[in-house]
Amino acid sequence: MSAIRRKTQGSDTDKSLLVEESSRAESLYKDKEDQKPDVRGDRRNIAILLFLYILQGIPIGLIAAIPMLLQNRGASYKQQAEFSFAYWPFSLKLLWAPIVDSLYVRRFGRRKSWLVPVQYLLGAFMLLLSLHVDRWLGGNGVEPNVPLLTLLFFLLNFLAATQDIAVDGWALTMLKRCNVGYASTCNSIGQTAGYFLGYVVFIALESKDFCNTYLRDSPLDEGMVTLPRFLWFWGITFVVATTLVAIFKKENDIEDAHMDARYTEEHELNIHESYKILWDMVRMRPVQILAAILLTVKVTFAASDAVTSLKLIDAGVPKDKLALLAIPLIPLQLVLPLAVGRYTNGPRPMDVYVKAIPYRIVMASVATLFAYATPYIIKGGHVPVYYYVLLVTSYGLYQVFLYSMFVAAMAFFAKISDPAVGGTYMTFLNTLCNLGGNWPNTVVLWMVDVLTWKQCSNNEANDCLGKEEQHSCESSEGKCEITFDGYYLESGICVLYGIVWLLVVRKWIVYLQDLPVRSWLVVKHKSR
């Protein structure tokens, strides 16, 4: 137990520690602003951070690819909803982040105490999945084992989220003070690159049609990469990379020529202090109003965000082509935050947030119309080029308004966060923002099958509600045909909800934006 580092429980000095930390943070920020970036002595550290964030993006991309594989193997929308819980850990990581920050083995390193075992577990999980995942995915008349897949990929994402907590914290001490800004760049680029490898590259190389068309001289019956092989490769990569980091990369226990320019001490809140701050935030009236807004706004876009791409696959759009459409949008996604940031850096960033919502509602409606028209455009399995052009254009416009809302919200969070507990405050608000997108997507996916009416083509009495009815229809050479698609009902309800939501909630957004910054301070509430 003596090897485990745990801060003693806080007492009446908590408040003074927070105020002192606020002053120290402000002075450090001023020092950092006065210094220009200097990568001498940090080039290797920046490369290590970038690599760690790339590794983090791999399981995130894989989890995004699984629904497409399930859809092609006959999974229902209820099963897709069940699997969507695998996305939740990044929205809940605040619940265990204080534990990661507070408990560690001092001799091994505060961040490596979590990073190394977590990445070994990530590698082990990938190796385990590589042995059985094909059987669990089902296909060829075998039902997918969605509960088990959900559990395993939830744990995989949980480990990735825990690795994110450790790497984010390590970045602050790994880099010189003047270079700490590169941490967010490594995060953004690394996660994007990892996601691209785990999702776009995997889906393309897994598709036999893509490989036979573009990469092979003679066609074969499978892609160049299978999911088991992909998981095995990255499992080995995680194990090797983690071993190298564990052996060769130290934290702050060695001196170098640039040691004076690094943060060598971190103010630590123990577990009790961290959870008490979270409770203080939850009790604040402005935070409660903001939480209600963040947890309800994305219901408007849930049908478009969660179901539309699966409907396009059902209509005949190849999943590999759908994934590859992300490539021309990557430059747009990199430029948009910079462009939108010019309008959100002022005192009223939520003005941009409110203005973007009607346009995003319109583009969500366009996506629904696109899904409806797709079966009529695709004939004989051939997808015309103009269809992809229109799809990329509409999705690109949707991304403009999505990023406008995202950047505006982040700017508002930065404006109102209490400097004394800025990291915890920002993480808490980001958690609410992410959770507000996950729960509506899960509900909407679940309700698609509930609201959809089907009928067997050669037996009107068979409504194809369950698997037995569907097998009975197919065994009699019939086909379960959709007579009413619940997706379109959901899309309409979401749009109407969004219009009403905007009319009702707009005044509350204006109210929150008009509040003085002191209304959001946690330390002030603690001092009363």
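This is a guided tour of one protein chain, to be followed with the structure open in a viewer.

**The whole chain**

Begin with the full model, which is predicted, and colour it by secondary structure, where you should find 21 helices and four strands. Of the 528 residues in the chain, 49% are buried. The chain exposes about 25800 Å², and carbon and sulfur atoms supply 62% of that area. If you turn on contacts with a sequence separation of 6 or more, 82% of them are between residues 24 or more positions apart.

**The nonpolar cores**

Next, select Phe83, Phe153, Phe202 and Leu227, the residues with the most contacts inside the largest nonpolar core, which has 66 residues. Helix α2, residues 43-72, gives the largest share of this core, namely ten residues. Now keep Phe153 selected and show what surrounds it: leaving aside residues up to four places away in sequence, Phe153 touches Ile63, Ile66, Phe83, Ala86 and Leu129. Apart from this core lies another, of 47 residues, and you can find it by selecting some of its members, including Ile277, Leu294, Tyr425 and Leu429.

**Val133 and its neighbours**

Move to helix α6, residues 112-137, and select Val133. Is Val133 buried or exposed? Its relative accessible area is 0%, and because buried means under 20%, Val133 counts as buried. Show its contacts, again without residues up to four places away in sequence, and you will see that Val133 touches Leu149, Leu227, Pro228 and Leu231. With Leu231 the C-alpha to C-alpha distance is 9.3 Å, although the two residues are 98 residues apart in sequence.

**Salt bridges**

Side chains of opposite charge can pair when their charged atoms come close. The structure holds ten salt bridges, and a good one to select next is that of Asp134 with Arg73, whose closest N and O atoms are 3.8 Å apart. This pair links distant parts of the chain, since Asp134 and Arg73 are 61 residues apart. Asp134 is partly exposed at 39% relative accessibility, and Arg73 is partly exposed at 27%.

Then go to helix α11, residues 271-283, where Asp280 and Arg283 lie three residues apart, about one turn of the helix. Their side chains meet in a salt bridge of 3.9 Å, N to O. Asp280 is buried, with a relative accessible area of 10%, whereas Arg283 is exposed at 55%.

A further pair to select is Asp351 and Arg348, with closest N and O atoms 3.2 Å apart. After looking at this pair, add Lys276 to Asp280 and Arg283, for salt bridges that share partners join these three residues into one network.

**The disulfide**

A disulfide is a covalent bond between the sulfur atoms of two cysteines. How many disulfides are counted here? The count comes to one disulfide, and to see it you should select Cys456 and Cys473, whose sulfur atoms are 2.2 Å apart. Cys456 is in strand β3, residues 453-456, and Cys473 is in helix α19, residues 467-475. The link is right-handed, with 85 degrees about the S-S bond, and both Cys456 and Cys473 are buried.

**A nonpolar patch on the surface**

Finally, show the surface and select Trp232, Phe233, Ile236, Val240, Leu244, Ile247 and Phe248, which make a nonpolar patch of about 740 Å². Trp232 is found in helix α10, residues 227-248, and at 51% relative accessibility Trp232 counts as exposed.

How values were computed: Residues numbered from 1 in each chain as written. Predicted model: local features only at pLDDT ≥ 70, side-chain atom pairs only at ≥ 80, totals over all residues. Heavy atoms only, no water. Core = buried A, V, L, I, M, F, W, Y, C linked by side-chain atoms within 4.5 Å. Buried < 20%, exposed > 50% of the residue type's maximum accessible area, 1.4 Å probe, protein only. Helix = DSSP H or I, 4+ residues; strand = E, 2+ residues; numbered from the N terminus. Contact = heavy atoms within 4.5 Å. Disulfide = S-S within 2.5 Å. Patch = residues over 30% accessible without salt bridge, like charges linked within 9 Å, V, L, I, M, F, W, Y side chains within 5 Å. Areas by Shrake-Rupley, 256 points an atom, 1.4 Å probe, with all protein chains shown as cover. Salt bridge = Lys/Arg side-chain N within 4 Å of Asp/Glu carboxyl O.
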